[in-house]
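Let's take a walk through this structure together, starting with its strands and ending at its surface. Keep the 3D view open as you read.

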Amino acid sequence: MRGGGNVRDWNNIRYRVGLSAKNVPARKLSMNVATIPPGGVAYAHIHVDFEVMLYILQGRVRHEFGEGLKQ
């Protein structure tokens, strides 16, 4: 997958377009190219009616979810 030329910043993360319902027949999956700076945080948010795929190329991530972000 190649990230598209469009770049947007949202929730403290820089995104390049990847795969979503906007450019492929996917209806329940979004996979984009995201760059998070060292120590960066993606603030709490929800995904309605779709899943997100994460594939970490470098570094590590802590993913908190659920009520009160306790899981």
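**From hairpin to surface patch**

Strand S1 and strand S2 (residues 13–19) run antiparallel and are joined by four bridges. Please bear in mind as we go that this is a predicted model. Within this pair, aspartate 9 stands opposite arginine 14 in S2. If you follow the chain around the turn, you will find two residues between the strands of this hairpin, where asparagine 11 takes a positive phi near 55°.

Now step back to the whole sheet. Strands of a sheet pair through backbone hydrogen bonds, in either a parallel or an antiparallel way. Here the sheet is open and made of four strands, in the order S1-S2-S3-S4, with mixed pairing. Strand S1 (7–10) and S4 each have a single partner strand and stand at the edges, so one side of each has no neighbour in the sheet.

Let's move to the S4 edge. Strand S3 (residues 29–35) and S4 run parallel, with two bridges joining them. One residue to look for here is serine 30, whose bridge partner in S4 is valine 52.

Valine 52 is a good place to pause. This residue lies in strand S4, which covers residues 51–52. Is valine 52 buried, partly exposed or exposed? Its relative accessibility is 37%, and because partly exposed covers the range between the buried limit of 20% and the exposed limit of 50%, valine 52 counts as partly exposed. On the surface, Val52 belongs to a nonpolar patch together with Phe50, Leu54, Ile56 and Val61. Together, the residues of this patch have about 430 Å² of accessible area.

Technical notes:
Residues numbered from 1 in each chain as written. Predicted model: local features only at pLDDT ≥ 70, side-chain atom pairs only at ≥ 80, totals over all residues. Heavy atoms only, no water. Patch = residues over 30% accessible without salt bridge, like charges linked within 9 Å, V, L, I, M, F, W, Y side chains within 5 Å. Areas by Shrake-Rupley, 256 points an atom, 1.4 Å probe, with all protein chains shown as cover. Salt bridge = Lys/Arg side-chain N within 4 Å of Asp/Glu carboxyl O. Buried < 20%, exposed > 50% of the residue type's maximum accessible area, 1.4 Å probe, protein only. Pairing = 2+ DSSP bridges.
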